[in-house]
Amino acid sequence: MAKKTATESFVTEITPQSEDFSRWYLDVVRRAELADYSPVKGCMVIRPYGYAIWELIQQALDLRIKATGHVNAYFPLFIPESLLNKEAEHVEGFAPQVAYVTHGGGEKLEEKLVVRPTSEAIIGTMYAKWVQSWRDLPILINQWANVVRWEKVTRPFLRTTEFLWQEGHTAHETESEAEEETLKILDLYADVCESVLAVPVVKGRKSESEKFAGALRTYSIEALMGDGRALQAGTSHNLGQNFAKAFDITFQARDKSVQHIWGTSWGITTRLVGAVIMTHGDDSGLVLPPLVAPYHVVIVPIGRENWRETVLPRAQDIKRELVDAGIRVTLDDRDERPGWKFSEWELRGVPLRVEIGPKDIEKASVLVARRDTRAKQSIPMNGLAAALRTLLDDVQRSLFERARRFREEHTHRVASYDEFKQVMEGRPGFVIAPWCGLAECEAQIKAETQATIRNMPVVTRAPSASCIRCDAPAQAEAWFAKAY
Ligand SMILES: [Zn+2]
């Protein structure tokens, strides 16, 4: 961390959200040292503090992926071009974003290699070798990897040319098993977002024009960011037999016939770090839910010149006690003003700040400040770890509640297209409206309002209304929003 002078304040260097949300986001990413730009345009360096948040998300997700019977493996970064070309719709969807390797070892390669934009092609090729009989199914494999999709406009965490993710790829005997898997993962993703990231999400199915290239059906979870724009937070695809046919993944069924497997694929990316920033952050910087906070608690010693002798030893004792209790804690013993340290750790979103000074030591208590509400309270040193745990649980819960309230306040059911347009121009958010199911109509709505269909509830009610724009009978109730 760069050394700053005592008079310099971090917080004033962040653009207020109300002035320019996008600027605010970039300021927070930079000032909280989450990520930095790299010499390669569109690629980001994830700095240790940002990476620690990603690791916590990753751990929570990995536990759930394994608990539902999946195992991790690793497939290569390079894919022979001919493999990507096997599934026509897939290659068409990804072609504009693909990066190629043409030379290796000082020689031109006989066949260009694709830097994976996603791994259906290479994994499908391997599954074709591994699956012979219905007894080999299901295959439930996940990989943690990086992928590359050439992007023209990038933003740290939200859209970068290279990003980190997990991609699950499964193979099943029947269509219904594949559908069940696709929806099970959608639920798993929603659970991670809501119970770990404290980000409420809407689960649903994508329209045909927004589905994954080559999939039968795509489902997504969508979250609402602090500026009223939606963020696609994860997708789960039922691939049907499209990839199985392209890559010839067949098996001998129970009735001895030869059949193609039914596939799924699903992914969640480093974009979730962006979702945490934009869901919970405020004008002072990050606000982290405890479950993804690299530090739950920062201890700041308060005192006169001799604080290193009087206060620091007690602060160190408290740190040890908290570490032993499984609390992630840092002690800021730098030679800076306490006020400067407060701003810095507020900027970094640490959920709880523990202040300890000579008077607190006399009273055998500490002053605890919450990042989310800024409420302060005095807590006895005796039993401190347990009290902080309770507070952390409360912070986690209230951040989710606050985000859910925000989403509810920014979700509107509209009765007319005029009303639809008004909402999108004014205070944006989700708009729920009946839709005819026609791609042309969806494209018109996007052209006229910038809003896209984020998704449609999995269990659709019988549509009794007519399409919000064209008056044809509605096929579904769609959630619209301007999106990242
Ligand atoms: Zn329509």
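This passage walks through the two largest pockets in the structure, which is a predicted model.

Rolling a probe the size of a water molecule over the atoms shows where empty space is left. Here, the largest pocket comes out at about 1200 Å³. Its lining is made up of 44 residues, and those closest to the pocket centre turn out to be Arg149, Arg159, Glu210, Gln232 and Arg271. Sorted by character, the lining of this pocket holds 18 polar residues, 15 charged ones and eleven nonpolar ones.

As for where that lining comes from, one helix and several strands each put in at least two residues: helix H4 (88–94), along with strands S8 (162–172), S11 (230–240), S14 (262–269) and S22 (452–455). Strand S11 gives the largest share, with five residues.

Next up is the second largest pocket, with a volume of about 220 Å³. Its lining counts 14 residues, and Gly226, Met278, Thr279, Gly281 and Phe406 sit closest to its centre. Two helices, H8 (271–280) and H13 (384–409), each supply at least two residues of this lining, and H13 provides the largest share, namely four. In this second pocket, seven of the lining residues are nonpolar, five are polar and two are charged.

Put side by side, the lining of the largest pocket has 15 charged residues, while that of the second largest has two. The top contributor to the lining is strand S11 in the largest pocket and helix H13 in the second largest.

Methods
Residues numbered from 1 in each chain as written. Predicted model: local features only at pLDDT ≥ 70, side-chain atom pairs only at ≥ 80, totals over all residues. Heavy atoms only, no water. 1 Å grid on protein atoms, 1.4 Å probe; cavity = no way out; pocket = protein on both sides within 12 Å on 5 of 7 lines; lining within 4 Å. Points joined across faces, edges and corners; volume = space filled by probe spheres on them. Nonpolar A, V, L, I, M, F, W, Y, C, P; charged D, E, K, R; others polar.
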